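Here is a short guided look at one chain, going from a single helix out to the overall fold. Keep the viewer open as you read along.

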Amino acid sequence: MSTRNDSPVGSSGNLRSISRRLGGAWPWFVGLFVTAVLAATSDDVASRRGWVWWRDYPEGWVRSPADVISRATKWLVNEATFGLFSFTQFTRAISFVIERPYGWARAILVDGFMDGVGRRADQIVPPLSWIAVIVLVAALGRHASNRRLAVLIAALFAYLAVFGQWASAMVTLSSMVIAVPIGVAIGLGLGIASYRSARVERLSTPVLDLMQTIPTFAYLVPILFFFGFGPVAALFATIIYAMPPMARITTLSLRGVPSDIKDFGEMIGCSTRQMTWRVLVPTAKAGLMVGVNQVIMLSLNMVIIASMIGAGGLGFDVLESLRRLDIGRGLEAGLAIVALAIALDRLSQAYAVRDTGAVRASRRASLVVGAVVVATFALGYVIEAVRNYPASLGVTSGSFWDDLISWINVNYYDTLEAIKLFVLDGFMLPVKRLFLATPWWWWVVGLGAVGWALGRVRLAITVMSLTAFIALVGLWEFAMFTVYLCSVSVIVAMLIGVPLGVWAAHNERASRVIGVVIDTLQTLPSFVYLIPVVMLFRVGDFTAFIAIVLYALAPAVRYTWHGIREIDAQVVEAATVSGCTPRQLLTRVKLPLALPEILLGLNQTIMLALSMLVITALVGTRDLGQEVYVALVKASTGRGIVAGLCIAFIAIVADRLIAAAARSARERYRPEQV
Amino acid sequence: MDDRKRVALEGVDRRLIGSTPKLVCEGAWKLFGPGAEEFLNARGGTATLDEIGTAGLVSAVRNVDLAVQAGESFVVMGLSGCGKSTLLRCLSRITELTAGRITLDGRDLGSLSRDELVDLRRHKMGMVFQHFALLPHLTVLENVAFPLRIQGRTAAEREARARELIEVVGLGGREQHFPRQLSGGQQQRVGIARSLAVNPEVWFLDEPFSALDPLIRSEMQEEFLRLRNMFSTTIVFITHDLDEAVRLATRIAIMRDGEIIQTDTPEQLILRPANSYVEEFTRRIPRAKVLTVGSVMRASTNVETRPSSDSVVRVDAKICDVAAAVLAATGPVRVANSTGSVVGSLDRETVISVLADTRSR
């Protein structure tokens, strides 16, 4: 940073010594000081001088594209044609492509094949028996890896049956069976296209960026508009959400294929198609499977949100219970999603590392599975228990959770309330006041200055225009709520996560425990966090804060841990030999060297916090997430998209600034990696 | 006659046969970076290293001329980063030249359409890679058969051919192994078998043994010499190891900073180095292993030798191979050519000075 070298021209020695102690950081302190002064005086200025614009962005200056967008979508649905076909026909064609296979999957797993329509329909072929499904997935586990995996997966599916989640889980599974292959196919195609053509890549990168940063709620509205309420809309939203990583990973893994292998393909005269499908894709298989795994996990993440526009299944159960504050049922359905997630995650990971050719599909196993399917099918007509898991053998833990929560509430209400008030008054509200009192224009200018310091003109312009957009569309106050909630949560997540990461990097046993906890936190769908927190703290900012911290904690821990472990062992030895105490070693050597990684962790933490923020709108925060949620409820396309864009822009501003900071930290500490 | 000697003789014979140019490269330039072609054209097709550097381009190949004769083993030798691998990729048009022309059997590669080029590579070229470049998801058998599969041959045909080649490179019994289950040397044997599957007319080897341990490397060099005699193909071999070059080459091109400094037989490189760089390079090589009798003998058709020494050495034998015989003789020995007529004599002093490696330094 060039600002480091501009020594402050202080006339008094006192100032000079202060600036020396602050080092290169003095402009940052000046900036903070100005911010504090402006925040403290903005009320005065606004009221005494009558300069309302000084503090709040004036309403008269608002130019929101929300109405235009709403009108445009209406026009698309009602009138737009592309010459040969109309837009509606286009969306119907997509529906058709998705609906048919989804119908079959559902018929096989849930409904059975029907004759006739509606209530009078007769089931001519029943769905697969629960026993057949369990045997089938266990066989897949055996095929992918070993008997242990088979047992684990069978147990997880048996859990679904025993805890009475079977029907819902099969609905969810059938949407996964459709969404994942389509998402993988589209992502693979797009990834290959970007690998082959620089132009496609230039076009697709910003689109993928936006798809990943814009909160899902924002595009639920237009999707609802185009496809109507139902499983097709839900699948479409799931695919949009889950596909981008596949595209990125595909491009990356194809680039990662050793150049020798590419030259070899050229040398033996491969056609373009042979090159792609015979040489590149098989060689990059391990990387591609990581992408498939990502698609599966993200699709499961969408399960609950997608149920808002008609997905049904486990997601719907969770959402219903959340609305009725029925913690027991909600947790059970949530855990069922987790069980499904773990089973599918392990299965896809096993296929990723599978020893190719070591075990070819054994014919005996397929015969056994086939026999079980036929036998259960036949027996199902005779014995009801084979067709459906007998309810009398079901177990439920719902009442246990309900009792636990009410017991805590009865006995510890005061304690919980005290903690809540302490954190709110001592930490959250002051930050909130500071953020809301700081004049809007100072945010634009200040962020621009930070952008300039980290990345010169281009970054400054990007940051300033994105920030100004939020003010222009009149969502400034909502945005500040978002930034405030996000900031307090991220600060706390980092304060907890970084030390945990440091600890895990230094202590083998701690790392094992922390690893398990972090893995679990990441597989849980975000909604599941909300349920117990709401029960304990009721709706409000504090509840949202806790849920966000829990959800966003993982990357803070993981990146710190990774960053410290990656430090060259020789550097640590050199520092030890020159007499560093463990404390000096950590603060003078390890943390600075791990700084770029930690900053990346910060970045990820912010992204996760923002995505969770939208979901916490359900518990009544007053931020942009609420705005998006309201738009969803009112089916107001423009409003939802504009608010969604604002959230995406906050994410992009944070991402660009932190990425620039990480780059400059890397230049300073690890020039060899630049 | 031991194996090495036979091979050495073979090499020389080949050189005598190979008088038709197979692969010719004229005025080849390869510069990396945007606008390289315009840059070179603006300078009338030539540029110094400094000029290239200031233009922000990276030079890989500069004004290279070479003609590989049919059936010869042409070795390109240079230190890492000298552009030799890029040159090899230009010869097969995997990398497009910035300027210049490459002809194979008189056909300009640059004028070929994509389809013609694909066809040419499928049937006439084979390449061995430094890091093997085996496909990890295929077995040894499938890897070797892969080029044939790309050509669209029938399964039976390609399996038969692949099995045959696997046998030739000594990997019989490992057909169903996967690459990662093999050692580096074995993997490269697969790579070699694969490159020979299509019976190539031109065989490119890009530092094929550099990634192997010294012992395995020497074993693989033997293997290479054996295969060279089995398959009569034209060979372009890239290496950074001068010992390897001398051992395997009929001719060597020494490359530095993208330019070829000298192209000659190993012997001539030692006897008449083009400049101090080549001289410095070749100094380490034991001369007795490279120099032939012909290059140091006293040439004369009527040689008076004492009747006691009736031993005869061949004119194309290496000094190290005849040293014992010459030193054991009481006087100069006669030197005969391949038809048996005497062409000169070789005395003990000459042999000793070659063995003792006394050179003007």
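Which residues of α8(B) are buried? They are B:Gln187, B:Gln188, B:Arg189, B:Val190, B:Gly191, B:Ile192, B:Ala193, B:Arg194, B:Ser195 and B:Leu196. Please bear in mind that this is a predicted model.

**A covered helix**

Helix α8 of chain B is mostly covered, with ten of its 13 residues buried. The helix takes in residues 184-196, and its length is easy to check: at 1.5 Å a residue, 13 residues should span 18 Å, and the end C-alpha atoms are indeed 18 Å apart, so expectation and model agree. The elements that the buried residues of α8(B) pack against are a mixture of strands and helices of chain B, listed here:

| Partner of the buried residues of α8(B) | Residues in chain B |
|---|---|
| β6 | 125-128 |
| α6 | 140-151 |
| α7 | 155-168 |
| β7 | 202-206 |
| α9 | 214-230 |

**A four-stranded sheet**

Now move along the chain to an open sheet of four strands in chain B, ordered β11-β14-β13-β12, with mixed pairing. Strands β11 (298-299) and β12 (312-314) of chain B each have a single partner, so they stand at the edges and one side of each is left without a neighbour in the sheet. Helix α14 of chain B, residues 319-328, packs on this sheet and touches β12, β13 and β14 of chain B. The direction of α14 makes about 165° with that of β12(B).

In general, strands of a sheet pair through backbone hydrogen bonds, either parallel or antiparallel. Here, β13 (residues 333-336) and β14 (residues 342-346) of chain B run antiparallel and are joined by four bridges. If you would like a place to zoom in, B:Arg334 stands opposite B:Ser345 in β14(B).

**The whole chain**

Stepping back, chain B has 15 helices and 14 strands. The chain is divided into domain 1 (3-22 + 69-285) and domain 2 (289-355). Taken over C-alpha atoms, the centres of these two domains of chain B are separated by 35 Å.

How do the overall dimensions look? Along the principal axes, the C-alpha atoms of chain B fill a box of roughly 65 × 55 × 35 Å. A compact globule of 361 residues would have a radius of gyration near 21 Å, and the 23 Å of chain B agrees with that. Of the 361 residues in chain B, 43% are buried. Among contacts in chain B with a separation of 6 or more, 70% come from residues 24 or more positions apart.

Technical notes:
Residues are numbered from 1 along each chain as its sequence is written. Chains are lettered from A and ligands numbered from 1 in the order in which they are written. This is a predicted model: local features need pLDDT of at least 70, side-chain atom pairs count only at pLDDT 80 or more; totals for chains, interfaces and linings use all residues. Two strands pair if DSSP finds at least two bridges between them. Helices (H or I, at least four residues) and strands (E, at least two) are DSSP runs, numbered from the N terminus. Two residues are in contact if their C-beta atoms, placed from the backbone, lie within 7 Å. Axes are lines fitted to C-alpha atoms, for helices over the stretch in contact, and angles run from 0 to 180 degrees between N-to-C directions. The radius of gyration is taken over C-alpha atoms; the globule rule is 2.2 Å times the number of residues to the power 0.38. A residue is buried if 20 or more other C-beta atoms lie within 10 Å of its own, exposed if 12 or fewer, and partly exposed in between; C-beta atoms are placed from the backbone. Domain bounds come from an automatic or database domain assignment. The expected span of a helix is 1.5 Å times one less than its number of residues.
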